[in-house]
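Thanks for asking me to look this one over. Here are my notes, set out point by point so you can follow along in your viewer.

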Amino acid sequence: RSDFLELVESSPDSAAALKDMCRKRLFKKAVKAFSRAKNRGLENDDLIQAFYDADTSRTGHLSLDEVRELMHRMDPDFPEHEVAALLSFIDFDGDGQCSLEEFKRLFRSFEQI
C-alpha cells in the first residue's frame, strides 16, 4: 500500500482536507465553465459577473439551489450530499450561503487586488 493511502486512512482530518480541496477545485471548474458558456473569459471581472449570473434570486448570495445549479451544469450527476458539503466549505461565515466576498476568496487572482 502507498504511504499516501495509509496517511488518508489513518488521519480523518487529512482525508477531510483533501475532500475539501477537491470540492474547491470542482467548484472553480464549474464557475469557469459557466463563465465561458456566457461567452466571458476568466479575468476577475468575468468571474464576478459569473457570480451575479449564478445568483438567479438576486440576493447577492449563492444559495444551496444556486450552487447545485452551477455544479449540475458541469456534471448533472454531481451528488446532492457533495453540493451541501461544498456549500458548507465555501460558506466561511456559516450563514448557509456564499457571498461575493466568500466567492472571491476561492479564486487566488483576487488576492492581488
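The points below go from the overall fold to one helix in particular.

1. A word on the source: this is a predicted model, so please read each value here as computed from the predicted coordinates.

2. On the fold, the chain contains 6 helices and 2 strands. From the N terminus onward, the elements come in the order α-α-α-β-α-α-β-α.

3. For overall dimensions, the C-alpha atoms fill a box of roughly 45 × 30 × 25 Å along the principal axes. The chain has 113 residues, and 35% of them count as buried.

4. On contacts, take the pairs that are at least 6 apart in sequence: 49% of these contacts link residues at least 24 apart.

5. For surface and charge, the accessible surface of the chain is about 7,000 Å², and carbon and sulfur atoms account for 50% of that. The chain carries 17 positive and 23 negative charges, and the mean positions of the two sets lie 5 Å apart.

6. Why is helix α3 described as largely enclosed by the rest of the structure? Of its 11 residues (44-54), 8 are buried, so the helix is largely enclosed. Those buried residues are N44, D46, L47, I48, A50, F51, D53 and A54.

7. What do the buried residues of α3 pack against? Their partners include three helices, α2 (12-37), α4 (64-74) and α6 (100-105). The strands β1 (61-62) and β2 (98-99) are also among the elements they pack against.

Note on methods: Residues are numbered from 1 along each chain as its sequence is written. This is a predicted model: local features need pLDDT of at least 70, side-chain atom pairs count only at pLDDT 80 or more; totals for chains, interfaces and linings use all residues. Side-chain values use heavy atoms; hydrogens and water are left out. Helices (H or I, at least four residues) and strands (E, at least two) are DSSP runs, numbered from the N terminus. Buried means under 20% relative accessible area, exposed over 50%, partly exposed in between (1.4 Å probe, protein chains only). Contact means heavy atoms within 4.5 Å. Accessible areas come from the Shrake-Rupley method with a 1.4 Å probe; for residues, only the protein chains shown count as cover. Lys and Arg count as positive and Asp and Glu as negative; His and the chain ends are not counted. The place of a charge is taken as NZ of Lys, CZ of Arg, CG of Asp or CD of Glu.
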